[in-house]
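Colleague: Could you take me on a close look at one part of this model, the place where the two protein chains meet? I'd be glad if you then followed the thread outward to the rest of the assembly.

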There are 2 protein chains.
Amino acid sequence: MPSSTVENYLKAILHLQGEGRGSTTVGEISRELEVTPGTVTIMMRHLKARGLVAYEPRRGLSLKPRGVTEAMKVVRRHRLIEAFLVEVMGLDWSEVHEEAEILEHVISDRLLDRINEMLGEPTHDPHGDPIPDRNGVLAKDRAMPLLDAAAGRYRVVRVSDEDSALLEWLNEKGVRIGEEFEVSDPDRAAGVLELSRRGGKRVQLGLQVAGQVFVEAVA
Amino acid sequence: MPSSTVENYLKAILHLQGEGRGSTTVGEISRELEVTPGTVTIMMRHLKARGLVAYEPRRGLSLKPRGVTEAMKVVRRHRLIEAFLVEVMGLDWSEVHEEAEILEHVISDRLLDRINEMLGEPTHDPHGDPIPDRNGVLAKDRAMPLLDAAAGRYRVVRVSDEDSALLEWLNEKGVRIGEEFEVSDPDRAAGVLELSRRGGKRVQLGLQVAGQVFVEAVA
DNA sequence: ATCGATTGTTTGAGTCGTCAAGATAAGTTC
DNA sequence: GAACTTATCTTGACGACTCAAACAATCGAT
């Protein structure tokens, strides 16, 4: 079984390679995990020896199928735990990411199954991230960053789970998963974008923030 | 903060010194934790340097007050987690010890508080072991081993949580915390002792087993 | 196509927890 | 009290993970 450390590397690689080019680099991983590049190099040799990543020195790297499978298991645990902490334990969605970062490495299969049942085999976590199924298969969503949305009507489907201050703020403003808003064209000069709810309440977001909120057009 | 390993040593010492003489030895710890005596010696030096144990080479050792406090925190976490797993998650009392052995080292204070609230600040875990309060104070019970009980009427108040086969068996036979039974004099020759419930069902236990079940006389 | 910046690799070292095996001290038994 | 047994301690080593710092390759731009 992979150690917690190995699990964290796999998760980081999955995350980084999953944004475009399909591969990542030592430097990116080192920044993501806040370890020195030398440490990453050594770990990559190790992961290569275990058949989890494809790695050629100085050429970048990517997960091999077995690495993807392992990483998906961790992601599944993470997201089920987040859902559990919100739904059953009543924690706030801004608190659960950190907790899940720890528990994802130690929870037993038995307990995870129990959680899955209690929640009715959920497909998404509290931030709208899809939960991989038992085989590591992930439902795709068609979400786009709010930042890229033309003016129109949209539903919030996903929010980045890593910045808890952002999550608290969104919660306070009533920007939650599933809510629908009328979106204005971004005012690039002001660096601001406006959401308005059917009721009327308006919310202004910085474009930075708008990049972390993902939406789907409403028909 | 103590590492998981240190927590396990403290818990083991608390457990071992808590049975009589108030102190324990390197050998006992080494057997309890299944590590070699040399490993224990090194850890004892370490714990002594941290002010957690009183240790003089070859003279045995015991927890200092700070060590007791730390150990009690771990015991509290362990027992609250066990209670949670049974009450909320619906696991069987025979399954929860192992799970709690792992989770006790990683659960956050926030989550532990939440568990404590959800359960209504319980005083005992599912095996009848008392849960230390926030200050590490433990309610005493007057339980005696069933083995030492004279014939009479008794209530089961506590069962050793470490042997899951025993727990399953007891559960199957209806021997649960809080149940009352008429206890026969032990038949030392046969190595057996009999419980009978008001209804009439009888249960035979080996004396070995009877040493792990703790009871209180009923008035 | 060479310079400088960026990125990645290597090397040497440290921490934590562990074991194996040999040395020593403390009982026990005759 | 000598011999044997058991408990404890010491030493040297290892595996996992990490860093710091020296070194090497690559890339981009002039």
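Modeller: Happy to! Let's start with one pair of side chains: B:Arg110 and A:Glu98 form a salt bridge, with 3.7 Å from N to O. Please keep in mind that this is a predicted model. In general terms, side chains of opposite charge can pair when their charged atoms come close. The pair of B:Arg110 and A:Glu98 has company, as the count of salt bridges between chain A and chain B is six. Polar contacts join the two chains as well, with eight residue pairs counted between chain A and chain B, both partners at pLDDT 80 or more.

Which helices of chain A each supply at least two residues to the side that touches chain B? They are helix 4 (65-87), helix 5 (96-103) and helix 6 (109-118). Helix 6 of chain A gives the most to that side, namely five residues. By residue class, the side of chain A that touches chain B holds eleven nonpolar residues, five charged ones and one polar one.

Now for the area. Between them, chain A and chain B bury about 1,600 Å², and carbon and sulfur atoms carry 65% of it. On the chain A side, the residues that lose the most area to chain B are A:Met89, A:Arg110 and A:Leu111, which together make up 38% of what that side buries. Counted as contacts, 17 residues of chain A meet 17 residues of chain B.

How do the two copies relate to each other? A turn of 180° with a shift of 0.0 Å along the axis lays chain A on chain B with an RMSD of 0.1 Å. The two copies are therefore related as by a two-fold rotation axis. The same surface serves both copies, with 100% of the contact residues of chain A recurring in chain B.

Stepping back from the meeting of the chains, the structure holds 37 salt bridges over all chains. One to look at inside chain B joins the side chains of B:Glu7 and B:Arg77, at 2.6 Å from N to O. B:Glu7 belongs to helix 1 of chain B and B:Arg77 to helix 4 (residues 65-87) of chain B, so this pair ties together parts that lie 70 residues apart in sequence.

From here we can follow the protein out to the DNA. Around DNA strand C there are 19 residues, and the closest are A:Gly27, A:Arg45, A:Tyr55, A:Pro57 and B:Ser3. Of the atoms of DNA strand C that come within 4 Å of the protein, sugar and phosphate account for 75%. Some individual approaches to phosphate oxygens of this strand are worth a look in your viewer. A backbone N or O atom of A:Arg58 sits 2.8 Å from a phosphate oxygen of DNA strand C, while a polar side-chain atom of A:Thr41 is 3.0 Å from a phosphate oxygen of that strand. Chain B takes part too: an N or O atom in the side chain of B:Tyr9 lies 3.3 Å from a phosphate oxygen of DNA strand C. The elements that give two or more residues to the surface near DNA strand C are helix 2 (26-33) and helix 3 (37-49) of chain A, along with helix 1 (4-17) and helix 3 (37-49) of chain B. Helix 3 of chain A gives the most there, with four residues. This surface divides into nine polar, six nonpolar and four charged residues.

DNA strand D also has 19 residues around it, and A:Ser3, B:Gly27, B:Arg45, B:Tyr55 and B:Arg58 come nearest. For DNA strand D, sugar and phosphate account for 79% of the atoms that come within 4 Å of the protein. An N or O atom in the side chain of A:Ser3 is 2.6 Å from a phosphate oxygen of DNA strand D. A polar backbone atom of B:Gly27 lies 2.8 Å from a phosphate oxygen of DNA strand D, and a polar side-chain atom of B:Tyr55 lies 2.8 Å from a phosphate oxygen of that strand. Here the elements giving two or more residues are helix 1 (4-17) and helix 3 of chain A, together with helix 2 (26-33) and helix 3 of chain B.

Key. Residues are numbered from 1 along each chain as its sequence is written. Chains are lettered from A and ligands numbered from 1 in the order in which they are written. Side-chain values use heavy atoms; hydrogens and water are left out. A residue is near a molecule or strand if one of its heavy atoms lies within 4 Å of it. A polar contact is a pair of N or O atoms within 3.5 Å; within protein, one must be able to donate a hydrogen and the other to accept it, and residues adjacent in sequence count only if both atoms are side-chain atoms. Ala, Val, Leu, Ile, Met, Phe, Trp, Tyr, Cys and Pro count as nonpolar, Asp, Glu, Lys and Arg as charged, and the others, Gly among them, as polar. Contact means heavy atoms within 4.5 Å. Buried area is the accessible area (1.4 Å probe) that two parts lose on being put together, summed over both. A salt bridge is a side-chain nitrogen of Lys or Arg within 4 Å of a carboxyl oxygen of Asp or Glu. Copies are superposed by least squares on the C-alpha atoms of residues with pLDDT of at least 70 in both.
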